[in-house]
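Reader: I should like to learn how such a model is read, feature by feature. Please give the general idea each time, and then the case at hand.

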Amino acid sequence: MKAYIQRNLPAYIQLIKTLTAIPAPSHKEQQKAEYIRQWMAALAARTGFPLNIFIDDATNVVCECFADPDPAQVTLFLAHTDTVFPDEQPIEVLEDDRVIAAPGVGDDTTNVAAMMMGIQYLAEQQLRPQQNVVFVFNSCEEGLGNLKGCRAVMERYGGKVCEFISFDGGYSKLVDTAVGSERFRICIKTEGGHSFSSFGNRNAIAVMAELIHRLYQIDAGAYPGRTTYNVGIIEGGTSVNTIAQQAEMLFEYRSDRKQSLQGIQAECAAIFQEFSEKYDMTTELLGSRPSMGEVDPKAMDQLINEVSLITQQVTGIWPKRESSSTDCNIPLSLGIPATCIGAYAGKGAHTREEYVLKDSLPAGLEILIRILLRKF
Ligand SMILES: [Zn+2]
């Protein structure tokens, strides 16, 4: 395996650069998906590796690799193709001795490339699945993608999914708890008017400020687990001498406990209700991610421990466990053991200064291959 990784390192780095250069904002992953589909099809044709490859309605590249013709249980391996950047022009990728740098290079393009190189290893070794596996290069993991790709895959395989591993982020930590969230666009409209002659008319910005003040009096710390809320963007008004006629904000809350998420949801809904009775206010739900459901703790611990042990054997470091909002939210909310770990070390995810350390790539790919080998 180490020889395969060393021999293929230049090709792996080139693949990371090629994929990173293809823009793929959430909901616009078609071009990257098509590249991956062709690459996987060529691999299957060249090696005879048993893959059934297609792009589904959610722009996921699905590669089924079954041990049984009609599987009762399947394991899913995912890596998401979308990035947080809106760019639709080719992304410039920089490389020096130490790093590959570009927006989206790590999250999640390196993991996409690593899963492709990992599958190539299985294929070239002429390995065959011992269990039923589906590799998915999925769409819409980020932000307002709202986990569309993952939801579509989970729907396709329904109750058959017995284990779920998403390659996302770096290898220093893994996700064992789903942070659920709800995101809203809230719009308030008032009659407004001239700041002097119509003084006394209701001002949409002032009403929005009052709403925000009320939301920020919620005692998130009183809920079990970790619960948070945030106003991310606020806009509105016309000019300095106009009583604002409209104001808009983006608001979200999150929790790593199902009950706490329901609690803060009810508190916010009551405040929204109160304001929409008094004012012209619309509340649009932009996204909803479920939090942790009832996952068998033994099965979950076993998965986390196996993945952690592999990581430690390769890197010498036991990965940290953390709560996060990822594709794992969907299986975890359904009670399916799931985790998320990555194949690189780097910095600056979700910023334009993002980079991946080239030194970390061989170890990361080895971790990924060893995780795949549990099924081959
Ligand atoms: Zn990601």
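Reader: How far is the sulfur of Cys-328 from the closest cysteine sulfur?

Author: A disulfide is a pair of cysteine sulfur atoms within 2.5 Å. The sulfur of Cys-328 lies 4.7 Å from the closest cysteine sulfur, that of Cys-340, which is too far for a bond. For Cys-63 the closest cysteine sulfur belongs to Cys-65, at 9.1 Å, again too far for a bond. The structure holds 0 disulfides. This is a predicted model, in which local features need pLDDT of at least 70 and side-chain atom pairs count only at pLDDT 80 or more, while totals for chains, interfaces and linings use all residues. Residues are numbered from 1 along each chain as its sequence is written, and side-chain values use heavy atoms, with hydrogens and water left out.

Reader: Is Cys-328 buried or exposed?

Author: Buried means under 20% relative accessible area, exposed over 50%, and partly exposed in between (1.4 Å probe, protein chains only). Cys-328 has 1% relative accessibility and is therefore buried; Cys-63, at 0%, is buried as well.

Reader: Which residues coordinate the zinc ion?

Author: Donors are N, O and S atoms within 2.8 Å of the metal (3.2 Å for Na, K and Ca); water is not among the atoms, so sites may look incomplete. Here the zinc ion is coordinated by His-80 through NE2, by Asp-107 through OD and by Asp-168 through OD twice, at 1.9 to 2.7 Å. His-80 lies in strand E3 (residues 74-80) and Asp-107 in helix H3 (residues 105-124), so the pair ties together parts 27 residues apart in sequence. Helices (H or I, at least four residues) and strands (E, at least two) are DSSP runs, numbered from the N terminus. His-80 and Asp-107 are both buried.

Reader: What is the area buried between domain 1 and domain 2?

Author: The size of an interface is often given as the accessible area lost when the parts come together. Buried area is the accessible area (1.4 Å probe) that two parts lose on being put together, summed over both. Domain bounds come from an automatic or database domain assignment, and the protein chain is divided into domain 1 (2-178 + 291-373) and domain 2 (180-289). Between them about 1,000 Å² is buried, with carbon and sulfur atoms giving 41%. Leu-144, Ser-291 and Ser-325 supply 44% of the area that domain 1 buries against domain 2, more than any other three residues.
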